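Biologist: I am new to this model and should like to understand the terms used to describe it. May I ask what stands behind each of them?

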Amino acid sequence: MMSKVTFQQLKEVYKALSFDSDGASGSILIESDALKSSIKNLLLSEDNVNESGLNTKHPIEVDEIKIGDSIELTISPSRIGLGVLAHNIDILLGVTKARIKEPRQYYIVSEDYYSGDENPPDNILVYRSVLGFIELLKESALYLDQDKSELLFLYEGKFSIPIRYSRSDLLGLDLFYLDKIK
């Protein structure tokens, strides 16, 4: 029986996928019944294909997928409400709201990291510290405009501070000092 797409299913597939360098395609070796069930569910209906962003490169009989099969897939972003698939942390930070608040669920291909994994990589630890610092700034601000990703302040007039940063900015931060501010 086919079920709705969940990010948990997508995470299982993402972790098993061998992504091509462009991140828009890849291949997956079906190594378990759980993975076989997830792939079948994601590919059986057009609605699930649209929600998941995963599709086969070449037509296949989805019902005939078995353990040991290798399947070539095209990969596009899933419905944003499910979670975020990012090729690297810069792509994640390209999601405006992700610069202010960590998405509930995301997967970063270059780090092979799912937001629910234990032992996050250093990039994610620094990212979370920056989010904590932004939260601190938010307390001092008049308003945080999440759509524009900027903090609005009122002091001898109104002014705004845009919240923009990239992976290279994260790499240059010293967590010791950032954590002391908090």
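Modeller: Let us begin with one residue pair: Leu17 has Ile28 of β2 as its bridge partner. Residues are numbered from 1 along each chain as its sequence is written, and side-chain values use heavy atoms, without hydrogens and water. The model is predicted: local features need pLDDT of at least 70, side-chain atom pairs count only at pLDDT 80 or more, and totals for chains, interfaces and linings use all residues.

Biologist: What makes β1 and β2 a pair of strands?

Modeller: Strands are DSSP runs of E with at least two residues, while helices are runs of H or I with at least four, and both are numbered from the N terminus. Two strands pair if DSSP finds at least two bridges between them. Strand β1 (residues 17–19) and strand β2 (residues 25–29) are joined by three bridges and run antiparallel, so the requirement of at least two is met. Five residues lie between the strands of this hairpin, and Gly23 there takes a positive phi near 75°.

Biologist: How do you know that β2 also pairs with β4?

Modeller: Five bridges connect β2 with strand β4 (residues 70–75), in the antiparallel sense. Ile28 has Ile71 as its partner in β4, and Ser27 stands opposite Glu72. Strand β3 (residues 54–56) is joined to β4 as well, by three antiparallel bridges, with Asn55 opposite Thr74.

Biologist: Which residues form the covered face of β4, and which the uncovered one?

Modeller: Ile71, Leu73 and Ile75 form the covered face, whereas Ser70, Glu72 and Thr74 form the uncovered one. In a regular strand, side chains alternate between the two faces of the sheet.

Biologist: What makes the sheet of β5, β6 and β7 open, and which are its edge strands?

Modeller: The three strands form an open sheet in the order β5-β6-β7, with mixed pairing. Its edge strands are β5 (84–86) and β7, each of which pairs on one side only. Two bridges link β6 to β7 in the antiparallel sense, and Tyr107 stands opposite Tyr114 of β7. Helix α5 packs on this sheet, touching β6 and β7, and its direction makes about 135° with that of β6. Such axes are lines fitted to C-alpha atoms, for helices over the stretch in contact, and the angles run from 0 to 180 degrees between N-to-C directions.

Biologist: How does the span of α5 compare with the expected value?

Modeller: Helix α5 (residues 122–140) has 19 residues and reaches 28 Å from its first C-alpha to its last, close to the expected 27 Å. The expected span is 1.5 Å times one less than the number of residues. Among the buried residues of α5 are Tyr127, Val130, Leu131 and Ile134. The buried residues of this helix pack against α4 (89–93), β6 (106–108), β7 (113–114), α6 (167–171) and α7 (175–181).

Biologist: Why is Tyr165 called buried?

Modeller: Buried means under 20% relative accessible area, exposed over 50%, and partly exposed in between (1.4 Å probe, protein chains only). Tyr165 has 13% relative accessibility, so it counts as buried. Its place is in the loop between β10 (158–162) and α6. Setting aside neighbours within four places in sequence, Tyr165 is in contact (heavy atoms within 4.5 Å) with residues including Leu93, Arg99, Tyr127 and Leu170.

Biologist: What makes the approach of Tyr165 to Arg99 a polar contact?

Modeller: A polar contact is a pair of N or O atoms within 3.5 Å; within protein, one must be able to donate a hydrogen and the other to accept it, and residues adjacent in sequence count only if both atoms are side-chain atoms. The side chain of Tyr165 reaches the backbone oxygen of Arg99 at 2.8 Å, so the distance falls within the limit. The two residues are 66 apart along the chain, with their C-alpha atoms separated by 7.5 Å.

Biologist: Why is Gln105 counted as buried?

Modeller: Gln105, in the loop between α4 and β6, has a relative accessible area of 16% and is therefore buried. Its side chain makes a polar contact with that of Tyr114, at 2.8 Å.

Biologist: Why is the pair of Phe7 and Tyr14 given a label other than that of Tyr14 and Phe19?

Modeller: Rings of Phe, Tyr and Trp (its six-membered ring) pair if their centres lie within 6.5 Å; planes under 30 degrees apart count as stacked, over 60 as edge-to-face and the rest as tilted. Phe7 and Tyr14 have ring centres 6.0 Å apart and planes at 70°, so this pair is edge-to-face. For Tyr14 and Phe19 the centres are 6.4 Å apart and the planes at 50°, so that pair is tilted. Phe7 and Tyr14 are both buried, and Phe19 is buried too. Ring pairs link Phe7, Tyr14, Phe19, Tyr107 and Tyr114 into a cluster.
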